[in-house]
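Open the model in your viewer and set it to a cartoon view. This tour tells you what to select at each stop and what is there.

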Amino acid sequence: MKVFVTGVGGQLGHDVMNELDGRGYEGIGSDIQPVYSGVQDGTPVTQAPYISLDITDAESVKKVITEVNPDVVIHCAAWTAVDMAEDDDKVEKVRAINAGGTQNIADICKVLGCKMMYISTDYVFDGQGTEPWTPDCKDYNPINVYGKTKLEGELAVSNTLEKYFIVRIAWVFGKNGKNFIKTMLKVGKNHDEVRVVNDQIGTPTYTFDLARLLVDMVETEKYGYYHATNEGGYISWYDFTKEIYRVAGYSTKVTPVTTQEYGLSKAARPFNSRLDKSKLVENGFNPLPTWQDAVKRYIDELDMENL
């Protein structure tokens, strides 16, 4: 199986490439950077073929993917800076990447007849209520630019293709890039107390674990919408931080606050990011390990001195 992966300079794309390599599949990585910009840690992705690609350039997308002629495209590339996406001078660029770039990839996948996997987000929902969102729920009402443009990307895929997987994830952390765990470890190292919101509820997703599931999925023809986060129950960012500090051995005090008390960020955040993952098991896929287990494995492998 030959797989073309976008966004390999990010957390998930990096781990997907390593998972493909570990299974003996042919992975070709791409990102906007002229050369691979991810962690240079000797892992297989640093040795894999890399193609610089601007996904907003339809002709470049057509040329590159046609020449590669993959069996599957796993589309991890996206604009993910949620607050910056709200800036008036950034909105169209965000849309060009998350919606337009995705449409460009879907169009060529249709021509080639190859499978496509699109990585989406809990932010396509409005985050109201307390019931977990199901994968096939169509009650979309994204509350920020990032969520709106990711939903547009979903629709580009589902309206163009039949052989597609749309996989929504949340609260992502991985080795290759910035994330909440790294940020909180840095802050906790230099502060006696941190304030963390306790009224936004969801479940973390470790990209190392997710990559295994994604490759499991593209080996099949069980197409459609899925939700994929680690197991272990729904938690708040406060709960998440408490566990991070416990595992790391920090004594930093963690004080719970409401979103309103914390102060408004530029982009509105969903309160309810609970994702129902039962469809994975129903379709024969192995769920991810618990988020508690994932946090321990992740922190054990981190270079804590050079965060």
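The stops below go from a sheet to two helices and end at a single side chain.

**Stop 1: the sheet.** Keep in mind that this is a predicted model. Select the strands of the open sheet: there are seven, in the order β3-β2-β1-β4-β5-β6-β11, and their pairing is parallel. At the edges are β3 (50–52) and β11 (224–227), each of which pairs on one side only. From one strand to the next, the twist averages 20°.

**Stop 2: one pair of strands.** Select β6 (residues 164–169) together with β11. These two run parallel and are joined by four bridges. Which residue of β11 stands opposite I166? Show side chains here and you will find Y225 in that place.

**Stop 3: helix α2.** Now select residues 58–68, which form α2. This helix lies across β1 (2–6), β2 (26–31), β3 and β4 (72–75), and runs at about 155° to β1. Just before the helix, pick D57: one of its side-chain oxygens reaches to within 3.2 Å of the backbone nitrogen of E59, at the start of α2. Just after α2 comes N69, with a positive phi of about 50°.

**Stop 4: the two faces of α2.** Which residues of α2 are buried? Select V61, V64, I65 and V68. They are on the same side of α2 because they cover an arc of only 90° around the axis. The spacing fits a general rule: an α-helix has 3.6 residues a turn, so residues three or four places apart point the same way. Among what covers the buried residues of α2 are β1, β2, β3, β4 and α3 (91–112). Next, colour E59, K63 and E67: these exposed residues are on the face turned away from the buried side of α2.

**Stop 5: helix α4.** Select residues 145–160 for α4. This helix lies across β5 (115–121), β6 and β11, and runs at about 160° to β5.

**Stop 6: T149.** Stay in α4 and select T149, which lies in this helix. Is T149 buried or exposed? Its relative accessibility is 0%, so T149 counts as buried. Show the residues around T149: not counting residues up to four places away in sequence, T149 touches V94, R95, N98, A99 and Y118. With N98 there is also a polar contact, from side chain to side chain, at 3.0 Å.

Definitions and conventions. Residues are numbered from 1 along each chain as its sequence is written. This is a predicted model: local features need pLDDT of at least 70, side-chain atom pairs count only at pLDDT 80 or more; totals for chains, interfaces and linings use all residues. Side-chain values use heavy atoms; hydrogens and water are left out. Two strands pair if DSSP finds at least two bridges between them. Axes are lines fitted to C-alpha atoms, for helices over the stretch in contact, and angles run from 0 to 180 degrees between N-to-C directions. Contact means heavy atoms within 4.5 Å. Buried means under 20% relative accessible area, exposed over 50%, partly exposed in between (1.4 Å probe, protein chains only). The arc is that of the directions from the helix axis to the C-beta atoms. A polar contact is a pair of N or O atoms within 3.5 Å; within protein, one must be able to donate a hydrogen and the other to accept it, and residues adjacent in sequence count only if both atoms are side-chain atoms.
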